[in-house]
Amino acid sequence: LKLNINRIGSFFQACFKNSWAFHKLIHLACTSEQYNPWPYYHFTGLLRPAPMGQKRGVPNTIAKPDYAFRADGISEAEQLARNINEIKVLDDNEIECMRTVCKLAREVLDEAARVCEPGITTDHIDAVVHEACIERDCYPSPLGYHQFPKSVCTSVNEVICHGIPDMRKLENGDICNVDVTVYHRGFHGDLNETFLIGDRVKEDTRKLVKVTYECLQHAIDL
């Protein structure tokens, strides 16, 4: 369709030329085979994000924390607790509830540990954790907390913490931290462990995981 627009004296070409670098980056971000939702972020390592799977639902029969009912995922109970300048002392019943939820969380983490191997996606780990929580009448605490989209945190290699599970397959030589938190009868049980993936993990990485674990044990012994 010819609009008979007189481009003499217009800024069309100058505008296009000046914006071409940015325009090209947008096209690359949209058409590249490599998924990257943050095309302008400077990554410090080799790990890159991958597409996420679907958010998983929780049956109505399972008790949920307050933030699970809010679109923003903010816990009102947590906000109120921040204004209290004293540590709550649990009674015997509450201590037993805490023991129970921590035991359940350990069981869930053990289920995740069984599938941490090369070729498995962290989204699959999320599915395993999610189902393990449901089977134990627990709510997966990360789900919906401040809009977190998954049921567990999986942090691979240089990801420091709270990584979001996605469709990237774990590779031989990776390390993967699985951070499990479950909610049961009003209490959260929270624990994590870092797993060596395959048999090609570098020696300095193995040492990092080993020493970190030893530090944790020394802290517990105190």
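## Close-up views of a predicted model

**View 1. T122 is in contact with T154, V156, P165, D166, R168, L170 and C176, leaving aside its neighbours within four places in sequence.** The model is predicted. T122 lies in helix 4, which covers residues 122–135. Is T122 buried or exposed? Its relative accessible area is 4%, and buried means under 20%, so T122 counts as buried.

**View 2. C153 lies in strand 2 and is buried.** The relative accessible area of C153 is 8%. Which residues does C153 touch, not counting those up to four places away in sequence? They are F148, H162, G163, N177, V178 and D179. This view can also take in D126, whose C-alpha is 8.0 Å from the C-alpha of C153. In sequence, C153 and D126 are 27 residues apart.

**View 3. Y41 and F43 belong to one of the 2 aromatic pairs counted in the model.** The ring centres of Y41 and F43 are 5.0 Å apart, and their planes meet at 80°. Planes over 60 degrees apart count as edge-to-face, so this is the label given to the pair of Y41 and F43. Are the two partners buried or exposed? Y41 counts as exposed, with 53% relative accessibility. F43 counts as buried, with 19% relative accessibility. The cut-offs are under 20% for buried and over 50% for exposed, which is why F43 at 19% takes the first label and Y41 at 53% takes the second.

**View 4. Y67 and Y145 form an edge-to-face aromatic pair.** The distance from centre to centre is 5.1 Å, with 70° between the planes. Where do the two residues lie? Y67 is in the loop between helix 1 (12–31) and helix 2 (76–81). Y145 is in the loop between strand 1 (139–140) and strand 2 (153–156). The pair therefore ties together parts that are 78 residues apart in sequence. Y67 has 5% relative accessibility and counts as buried, whereas Y145 is partly exposed, with a relative accessible area of 29%.

**View 5. H146 and Q147 each have a positive phi.** Most residues other than glycine have a negative phi. What is the phi of H146? It is near 50°, a positive value, and H146 is not a glycine. Q147 is not a glycine either, and its phi is about 70°. H146 is found in the loop between strand 1 and strand 2, and Q147 lies in that loop too. The relative accessibility of H146 is 40%, so H146 counts as partly exposed. Q147 is exposed, with a relative accessible area of 56%. The label exposed needs over 50%, so Q147 at 56% receives it and H146 at 40% does not.

**View 6. Y213, L216 and I220 form a nonpolar patch on the surface.** How much accessible area do these three residues have together? The figure is about 330 Å². Y213 lies in helix 5, which covers residues 203–221. With a relative accessible area of 48%, Y213 is partly exposed. A value between 20% and 50% gives this label, so Y213 at 48% is not called exposed, although it is part of a surface patch.

Conventions. Residues are numbered from 1 along each chain as its sequence is written. This is a predicted model: local features need pLDDT of at least 70, side-chain atom pairs count only at pLDDT 80 or more; totals for chains, interfaces and linings use all residues. Side-chain values use heavy atoms; hydrogens and water are left out. Rings of Phe, Tyr and Trp (its six-membered ring) pair if their centres lie within 6.5 Å; planes under 30 degrees apart count as stacked, over 60 as edge-to-face and the rest as tilted. Buried means under 20% relative accessible area, exposed over 50%, partly exposed in between (1.4 Å probe, protein chains only). Helices (H or I, at least four residues) and strands (E, at least two) are DSSP runs, numbered from the N terminus. Contact means heavy atoms within 4.5 Å. Patches are made of residues with over 30% relative accessible area and no salt bridge: like charges are joined within 9 Å, nonpolar side chains (Val, Leu, Ile, Met, Phe, Trp, Tyr) within 5 Å. Accessible areas come from the Shrake-Rupley method with a 1.4 Å probe; for residues, only the protein chains shown count as cover. A salt bridge is a side-chain nitrogen of Lys or Arg within 4 Å of a carboxyl oxygen of Asp or Glu.
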